[in-house]
Amino acid sequence: MGAFSSSGTTDELGPDEDSGGGPPGRSADPGSPAGEGAAPGEPPGSELLAALLDGMDAALCAFDAAGTVTHWNREAERVLGWTAREAVGRAGFAGWAVRRADADEVRARLMSAMDAPGRQVHEFALLRKDGGRVLVRTQSAGVRGADGKPAGVYCAFSEVHAQIDLERAIALSEALLEDASWGVVLVDVDLRPTVVNAYAARALGGGRTALLGRPLGELVVQGVEELEAALHHVLAEGAPTAPAELWVTLRTAEGERRRCWRSGFLRLASPLTEEPVPLGVGWLFRDVTAAKLAEQEADRLRFRTSQLHRAARTASECEDPMEAATSLLDYALAGFADHVLVDLVAGGPTADGRLVRTAGTPSDGPGPCLPVAGGSTPVRYGPGHPALQAVERTGSVRTSAGAGVSGGQAWAIERRWPGDAAHALCTVLRSRGRTLGVLTFLRTAHRSAFERPDAAYAETVAARVAGAVDLAQVTAGA
């Protein structure tokens, strides 16, 4: 019957402590139960007391010193089905709310709270009016009269499954907001963080308390518009059906960091009102930047491998080796660069090392890589030019326009490149141990700079182009 019993410290209080030592709360007259108005001669606060008892979310009943039921609120009626008129005035629970075989034990446990300090917690199986049984958890405490003597017991109870559900909900919320392995942020209707767990604080680059109440724009440099739009949508329309992946740039002590957060959103509404009143949004997220970057790199590698395969098949059908070289570059440009230039050593590998423009894409817009009309033309690269550096190093050189150069146009023109170029990658053309020239890939300002994996891909393309150029030179010499 009783799953467990414990006690704790509490004040000595009860429904009615100024009743002169009588039963707790009010008269035990069955004709005037609690919740149905005060009987004549009751204290002026009895109507308020009855209203308060009936408005409680927990089921509550009270017994006088003899064990007679003196109070029974509406929640107790909802749980067990017995009305206040049927319950008040009965001698304990025996025969109606508890099986007779269990009545003595239940009565002893409940009434023991009258003489014990603190609060007693028990679990009992009670009977509903329809004959069904329900397991309840009770909290009972003694009531003392004005003379300090025991005057009765009050008992609050709820269905065990409801209590367990509540405890689980509280435990879940505490776990989420403390040590969850994903970020949890509660934002109010003004989209300001009100609760931040440890994971989210680390991801946002601040302390848990330091982040509270600050606009999201102070924490997120780029991507805050998308984040706030998602939060506004949740407040207005409800939670989305699937997680969203948001790319943001954060301002940290080490500089700006670009991160990808897989985010889910929940609209929070007050459970205490008839109409849902929005309290804010629960935002749950995980940092999936590493996985997304690996996924992007795998997709990029797959695409580039496919392009090289297609380029090789196309080049194998070309009778002219230089046509095969330019065909290779057309496939290599897709998704990789906006322009490509082919500068070969004048007079062949044994000449003085001057470069001549042999082929390239149009300088005024996108287009295929074609041989220079009218034959090769010398290029006047100044000392220290990236193409010359690639020849000297027998490797690749990456460079970009400085942030202070408007659009990079002056920077590009000075280096004899198309005016819209902002990022360059120069790699040497080598075949049979000889330097044949330089291959230059260019990107415009709206694209990112070349990185080390891009250089590796460019060198693979350059090796194939160099083979075709070498064959063209051998064929021409023959």
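This is a tutorial dialogue on reading salt bridges, strands and a helix in a predicted model.

Trainee: How many salt bridges does this predicted model have?

Mentor: Start with the general idea: side chains of opposite charge can pair when their charged atoms come close. In this structure the count comes to 21 salt bridges. Let us take a few in turn.

Trainee: Which residue forms a salt bridge with glutamate 159?

Mentor: That partner is arginine 78, with 3.7 Å between the closest N and O atoms. The two belong to distant parts of the chain, 81 residues apart: glutamate 159 sits in strand S6 (residues 150–159) and arginine 78 in helix H2 (residues 74–80).

Trainee: Is glutamate 159 buried or exposed?

Mentor: Glutamate 159 counts as buried because its relative accessibility is 12%, and the cut-off for buried is under 20%. Arginine 78, in contrast, has 53% relative accessibility and therefore counts as exposed. The pair also has company, since Glu75, Arg78, Arg128 and Glu159 are linked in a network of salt bridges.

Trainee: What about the pair of arginine 137 and glutamate 123?

Mentor: Their side chains meet in a salt bridge, at 2.8 Å from N to O. Arginine 137 is in strand S5 (residues 133–144) and glutamate 123 in strand S4 (residues 119–127), so this bridge ties together parts 14 residues apart in sequence. Both of these residues are buried.

Trainee: Where do aspartate 470 and arginine 434 lie?

Mentor: First the contact: the side chains of aspartate 470 and arginine 434 form a salt bridge of 2.9 Å, N to O. Aspartate 470 lies in helix H12 (residues 452–477) and arginine 434 in strand S19 (residues 434–444), so parts 36 residues apart in sequence are tied together. Aspartate 470 counts as buried because its relative accessibility is 6%, while arginine 434, at 28%, counts as partly exposed.

Trainee: Back to S6, please. How many of its ten residues are buried?

Mentor: Seven of them are, so to read the strand as mostly covered is right. Next, look at its neighbours. Strand S2 (residues 59–64) runs antiparallel to S6, and six bridges join the two. Within that pairing, aspartate 64 has glycine 152 of S6 as its bridge partner.

Trainee: How many bridges join S5 to S6?

Mentor: There are nine, and these strands run antiparallel. One bridge to look up is that of alanine 141, whose partner in S6 is tyrosine 154. The hairpin of S5 and S6 has five residues between the strands, and there glycine 148 takes a positive phi near 85 degrees.

Trainee: Now a helix. What span should helix H9 have?

Mentor: The general idea is that an α-helix has 3.6 residues a turn, so residues three or four places apart point the same way. For length, H9 (residues 321–333) has 13 residues, which at 1.5 Å a residue should span 18 Å; its end C-alpha atoms are 19 Å apart, in agreement.

Trainee: Why is H9 described as largely enclosed by the rest of the structure?

Mentor: Because ten of its 13 residues are buried. Among them are Met322, Leu328, Leu329 and Leu333.

Trainee: What should I look for at the start of H9?

Mentor: There, a side-chain oxygen of aspartate 320 comes to within 3.1 Å of the backbone nitrogen of methionine 322. At the other side, just after H9, glycine 335 takes a positive phi of about 75 degrees.

Key:
Residues are numbered from 1 along each chain as its sequence is written. This is a predicted model: local features need pLDDT of at least 70, side-chain atom pairs count only at pLDDT 80 or more; totals for chains, interfaces and linings use all residues. Side-chain values use heavy atoms; hydrogens and water are left out. A salt bridge is a side-chain nitrogen of Lys or Arg within 4 Å of a carboxyl oxygen of Asp or Glu. Helices (H or I, at least four residues) and strands (E, at least two) are DSSP runs, numbered from the N terminus. Buried means under 20% relative accessible area, exposed over 50%, partly exposed in between (1.4 Å probe, protein chains only). Two strands pair if DSSP finds at least two bridges between them. The expected span of a helix is 1.5 Å times one less than its number of residues. A polar contact is a pair of N or O atoms within 3.5 Å; within protein, one must be able to donate a hydrogen and the other to accept it, and residues adjacent in sequence count only if both atoms are side-chain atoms.
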